[in-house]
Amino acid sequence: MYASKCGSCKIGDQALKIEDSFTLKTSQDNVWNAITNPNIVAPCIPGCQNVEVIGPTSYAAEVRVKVGPVKANFRLNVEVTSENPPSEVYSITRGEEGSKASIIHAENILRLKQVDANTTEVFYSSEVSIVGRLGKFGLGVMQKKAKALGHEFAEAFRKTVEPAQKTVPELVQ
């Protein structure tokens with residue numbers, strides 16, 4: 001089970017935990033190969049402008065988000081801290097907006113579970129700390145935004161990794 005090491009994961013004085021899951025109609029190996037490839041996963045991340053591979057377990061990304069009236073551009077560093085192919089990845093994300101107007105720290109887990117030969121469940125969980133101007137938004141606003149971004153990612157990733165659905169042409173009489 002995932003045990004958080006983040007003692008101050010909060011928005012203001014409230015903890016922000018993001019957790020959800022979705023299923024994909026493809027094998028666990030296919031999902032693993034796609035989700036661990038930054039060139040495949042980056043275009044699926046809402047607001048992701050680019051990703052750079054820094055090292056075998058390190059990535060830098062620029063992500064643009066809008067929360068309420070505030071637009072923010074984050075420079076993020078992601079470090080994979082543990083991997084158990086093809087089922088689990090732990091990572092830490094750190095970053096800041098502009099001149100440190102907002103600072104983010106997140107501890108993340110991603111788990112894949114083979115439901116059957118052609119179906120995989122993707123579970124993700126993050127404990128997040130945001131300080132600065134985005135940290136002033138209430139917990140409810142941030143959770144709603146995080147959930148919306150999670151759903152956007154799931155739909156984009158689904159379109160990328162699931163095999164195209166073939167349709168049967170209607171018979172013309």
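Q: In this predicted model, which residue of strand 5 is the bridge partner of N84?
A: N84 belongs to strand 4, which covers residues 70–84. Strand 5 covers residues 88–97 and runs antiparallel to strand 4. A hairpin of three residues connects the two. Across it, N84 finds its strand 5 partner, E88.

Q: How many bridges join strand 4 to strand 5?
A: The N84 pairing with E88 is one example. Another bridge links L76 with G95 of strand 5. Counted over the antiparallel pair, the number of bridges is ten.

Q: What is the strand order in the open sheet?
A: The sheet has seven strands, paired antiparallel. Strand 1 (16–24) and strand 2 (48–55) each pair on one side only, as edge strands do. The order therefore starts with one edge and finishes with the other: 1-7-6-5-4-3-2.

Q: By what average angle are neighbouring strands of this sheet turned against each other?
A: Direction is ignored here, although the pairing is antiparallel. Averaged over neighbouring strands of the sheet, the turn is 25°.

Q: Is strand 5 largely enclosed or largely open to the outside?
A: Strand 5 has a bridged partner in strand 4 and another in strand 6. Eight of its ten residues are buried. Strand 5 is therefore, within the rest of the structure, largely enclosed.

Q: Which residue in the hairpin of strand 5 and strand 6 takes a positive phi?
A: Strand 5 and strand 6 run antiparallel and share ten bridges. One of these bridges pairs R94 with H105 of strand 6. Four residues lie between the strands in their hairpin. There, a phi near 45° belongs to G98.

Q: Through how many residues does a hairpin join strand 2 to strand 3?
A: Strand 2 and strand 3 run antiparallel, with six bridges. In one of them, N50 pairs with E62 of strand 3. The hairpin that joins the strands runs through residues numbering two.

Q: What angle does the direction of helix 1 make with that of strand 6?
A: Helix 1 (residues 28–35) packs on the sheet. It touches strand 1, strand 4, strand 5, strand 6 and strand 7. Its direction and that of strand 6 differ by about 160°.

Q: Which strands does helix 3 touch?
A: Helix 3 covers residues 139–161 and packs on the sheet. Its direction makes about 25° with that of strand 1. The strands it touches are strand 1, strand 3 and strand 7.

Q: Is the pair of F22 and F153 stacked or edge-to-face?
A: The structure holds three aromatic pairs, and the rings of F22 and F153 form one of them. Their centres are 6.3 Å apart. Their planes meet at 70°, and planes over 60 degrees apart give the class. So this pair is edge-to-face.

Q: How far apart in sequence are the parts that F22 and F153 tie together?
A: F22 lies in strand 1, and F153 in helix 3. Both residues are buried. Because the two sit in separate elements, the pair ties together parts whose distance in sequence is 131 residues.

Q: What angle lies between the ring planes of F153 and F157?
A: Both residues lie in helix 3, four residues apart, about one turn of the helix. Their ring centres are 5.3 Å apart. The pair is stacked, and the angle between the planes is 15°.

Q: Which element gives the most to the largest nonpolar core?
A: This core has 40 residues, and F22, V122, L134 and F157 have the most contacts inside it. F157 is buried, at a relative accessible area of 0%. Several elements give two or more residues, including strand 1, strand 7 and helix 1. The top contributor, with seven residues, is helix 3.

Q: Which side chain joins that of S126 in a polar contact?
A: S126 is found in strand 7. At 13% relative accessibility, under the 20% limit, S126 counts as buried. Residues it touches include L16, K17 and I18. Its polar contact, at 2.6 Å, is with the side chain of N108.

Q: What distance separates the C-alpha atoms of S129 and K17?
A: S129 lies in strand 7 and counts as buried at 11% relative accessibility. K17 is 112 residues away along the chain. In space, their C-alpha atoms are separated by 9.3 Å.

Methods: Residues numbered from 1 in each chain as written. Predicted model: local features only at pLDDT ≥ 70, side-chain atom pairs only at ≥ 80, totals over all residues. Heavy atoms only, no water. Pairing = 2+ DSSP bridges. Axes fitted to C-alpha atoms, helices over the stretch in contact; angles between N-to-C directions. Contact = heavy atoms within 4.5 Å. Phe/Tyr/Trp six-rings, centres within 6.5 Å; stacked < 30°, edge-to-face > 60°. Buried < 20%, exposed > 50% of the residue type's maximum accessible area, 1.4 Å probe, protein only. Core = buried A, V, L, I, M, F, W, Y, C linked by side-chain atoms within 4.5 Å. Polar contact = N/O pair within 3.5 Å; in protein donor to acceptor, adjacent residues only side chain to side chain. Lists of a residue's contacts leave out its neighbours within four places in sequence.
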